[in-house]
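Dear colleague,

Please find below the structure that I am handing over to you. My findings follow directly after it.

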2 protein chains.
Amino acid sequence: MIPARNSITIEDVAAAAGVSRAAVSKVIRDAYGVSDDMRARVHAAISDLGYRPRVSARGMRGATYTLGIEIPTIKNHFFTKIITGATGALAGSLYQLIIAPAGPHHDGGPQAILALADRQVDGILAISPAVSPQWLEDLGQRTPLVMLGRHDDSAHYDTLVNDDIEGARLAVRHLYDLGHRDIVHLTIRPELDGNLATAPHAVRSRGYDLAMADLGLADRSRLVHVDDAEEAAWEAAMKLLRAGQRPTAIFAGHDELALGALRAVSDLGLSPAEVSVVGYDDTDIAAHPLISLTSINQSGTRMGEIVVRLLLERIAGRSEAAHEVIRPRVMARNTTAPVSSAAVTDRPAVEGRPGQHQQ
Amino acid sequence: MIPARNSITIEDVAAAAGVSRAAVSKVIRDAYGVSDDMRARVHAAISDLGYRPRVSARGMRGATYTLGIEIPTIKNHFFTKIITGATGALAGSLYQLIIAPAGPHHDGGPQAILALADRQVDGILAISPAVSPQWLEDLGQRTPLVMLGRHDDSAHYDTLVNDDIEGARLAVRHLYDLGHRDIVHLTIRPELDGNLATAPHAVRSRGYDLAMADLGLADRSRLVHVDDAEEAAWEAAMKLLRAGQRPTAIFAGHDELALGALRAVSDLGLSPAEVSVVGYDDTDIAAHPLISLTSINQSGTRMGEIVVRLLLERIAGRSEAAHEVIRPRVMARNTTAPVSSAAVTDRPAVEGRPGQHQQ
DNA sequence: TTGAAAGCGCTAACAC
DNA sequence: GTGTTAGCGCTTTCAA
């Protein structure tokens with residue numbers, strides 16, 4: 001039985017193994033310059049005594065073998081998928097991942113990120129749409145840093161994004177191909193993204209506008225901004241679907257908002273044929289047959305793996321910024337038939353439904 | 001703009017404020033014995049310089065103002081609700097919560113818990129059904145420790161559980177009142193709970209057996225053990241529902257398993273009237289109208305708040321062990337009518353359906 | 001009420 | 001290949 005944590009120090013191990021403290025230190029860090037014999041003796045002493053190095057003490061001089069990840073909220077399943085990918089990529093390594101949720105009363109992230117920096121983590125992963133690029137450049141110069149979801153052209157930190165323009169396009173095109181013309185985009189309030197043009201939801205909104213314009217539907221573009229919560233999405237969707245100008249489709253900025261919209265559709269007794277909903281992130285629940293939500297997949301698990309790789313590269317010394325982009329895919333799940341053309345008769349008939357674009 | 005982390009030390013602050021290091025230390029810890037004047041000067045210097053104390057250094061002598069929580073997996077929404085409650089309870093305090101997920105290839109928790117202990121956290125919250133009580137007693141003697149979900153009669157750590165016997169009873173009774181007699185209990189393999197009788201799922205299983213026996217259905221008790229995953233639950237449910245002796249109801253050990261069972265029901269084209277499913281934990285998705293899963297609520301958010309309180313009490317010096325119990329409630333959501341008596345004709349008619357027990 | 005000084009456990013630089 | 005030693009930045013006596 002390994003003692004949980006005790007007052008055994010490196011000194012005790014050194015004494016038990018009959019070597020110096022430095023020797024023990026080298027062994028536990030797998031550092032260069034130890035004989036096999038010494039290594040064996042030290043390892044024996046370590047397990048005999050149940051020695052565990054104090055991370056605080058290591059942090060005073062060297063590394064903490066800890067990586068930190070900040071997420072806006074632990075409630076959003078997409079973020080937890082990223083974490084699953086990250087922990088998976090770290091399994092078997094010397095590194096431990098710790099998670100700092102920004103929390104309910106959060107300030108957009110800096111507080112949680114600073115909490116990680118204060119703890120001397122060796123590197124930081126973060127999903128903070130709302131902090132300024134300059135703030136991140138400063139931080140990135142002190143700590144290896146990889147940001148998710150920001151379309152920044154950074155110098156001192158890496159970024160990983162999916163192509164949100166393309167993702168939004170895919171969503172709109174999917175709905176268009178189902179026959180929809182009145183497609184509303186339900187997204188979070190820009191303030192929640194720090195009013196930054198490089199934030200994921202800002203880019204998605206832009207992609208939505210572009211896609212609508214491309215399809216000749218520019219004048220039907222409608223953005224609805226809500227708080228970042230299922231409940232808020234539900235409320236907005238209820239209002240939207242009860243109003244005179246009811247849209248036939250809702251493209252939600254992420255799956256949680258989509259679930260709120262679906263709840264409203266259900267509560268109002270509307271069928272998926274009457275109102276289609278598309279989400280973003282392709283969280284697990286979207287694929288459930290009872291939900292069957294079409295969603296844009298950006299593979300959270302793979303993103304988690306990639307950002308860990310980027311961060312480890314930075315820790316290993318890379319200093320040029322990396323900017324990786326993932327290609328989003330439509331996960332089409334609405335098994336409903338396309339809406340009848342009657343639903344779009346208030347407009348001149350569209351010529352040709354380019355179904356082959358749906359990929 | 002506050003610098004992210006820099007090389008400003010307590011020494012620099014002391015110099016800027018014209019005081020000693022000790023004085024600064026006292027101010028940032030809100031310790032006794034500093035004049036208002038000095039406090040003001042120090043605070044001014046701190047914000048001027050953007051000073052942030054290094055947690056590692058603090059950890060060498062005193063506290064780290066960090067609490068750690070270990071969870072088996074970040075995929076289960078119930079655990080994230082607990083974290084939401086915990087972070088909420090900690091908002092505005094000096095403490096930061098860090099999360100260590102045991103991860104996909106986990107060993108049941110000890111590794112992640114040790115990772116937290118290594119980081120000198122001031123206290124640990126954990127949801128580890130599989131570690132031995134003795135191991136936890138050892139740990140609890142070194143670090144304030146609160147365990148969730150374990151029905152242990154511990155001396156050196158606190159516990160918070162819901163009454164799993166009662167919860168299982170409520171689930172079985174609910175199904176019984178709907179007319180079900182062939183009620184299968186779908187739960188995780190005992191090895192995943194470390195084969196411990198005090199583990200939550202072991203207790204739930206016992207509650208299921210007791211409830212079945214009380215209802216005169218002892219000989220119809222059926223336990224199905226699966227891996228702790230939606231996919232595994234789905235597979236098992238598919239097999240179960242395709243077999244000759246098809247049960248009319250499934251009581252799942254937690255909501256994720258229930259979702260897998262529901263998926264199987266849906267995939268097989270069965271209606272909720274034919275096969276009822278009840279879950280445990282009442283995660284958010286259960287209440288969604290498209291899922292409408294009856295579930296046993298043990299209020300994860302409130303549990304998070306309670307364990308934080310218990311942990312802070314321990315940190316403040318309490319040494320007697322606390323053992324709190326939460327009362328579970330049925331969240332009845334199957335709006336389907338009770339199954340026809342035809343479904344239970346292979347048994348003598350039951351006398352009286354005690355519907356008033358449903359609470 | 002304030003400051004001086006010791007030392008927490010480790011790593012890194014350097015000597016042997 | 002191995003040991004010695006000087007700190008890392010704090011908190012905590014303890015003395016003034």
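For the comparison of the two protein chains, copies were superposed by least squares on the C-alpha atoms of residues with pLDDT of at least 70 in both. On that basis, a turn of 180° with a shift of 0.0 Å along the axis lays chain A on chain B with an RMSD of 0.1 Å. This is the relation of a two-fold axis. Ser56(A) is the residue of chain A that comes closest to the rotation axis, its C-alpha lying at 2.1 Å.

Please note that this is a predicted model, in which local features need pLDDT of at least 70 and side-chain atom pairs count only at pLDDT 80 or more, while totals for chains, interfaces and linings use all residues. Residues are numbered from 1 along each chain as its sequence is written, and chains are lettered from A and ligands numbered from 1 in the order in which they are written.

The contact between the chains (C-beta atoms, placed from the backbone, within 7 Å) takes 50 residues from chain A and 50 residues from chain B. On the side of chain A, the elements that give two or more residues include helix 5 (77-90), strand 2 (96-101) and helix 11 (255-267); helices (H or I, at least four residues) and strands (E, at least two) are DSSP runs, numbered from the N terminus.

Around DNA strand D there are 27 residues, of which Ala22(A), Ser35(A), Met60(A), Ile10(B) and Ser25(B) come nearest; a residue counts as near if its C-beta atom, placed from the backbone, lies within 6 Å. Helix 2 (21-28) and helix 4 (55-61) of both chain A and chain B give two or more residues to this surface, as does helix 3 (36-49) of chain A.

With kind regards

Methods: Contact = placed C-beta atoms within 7 Å.
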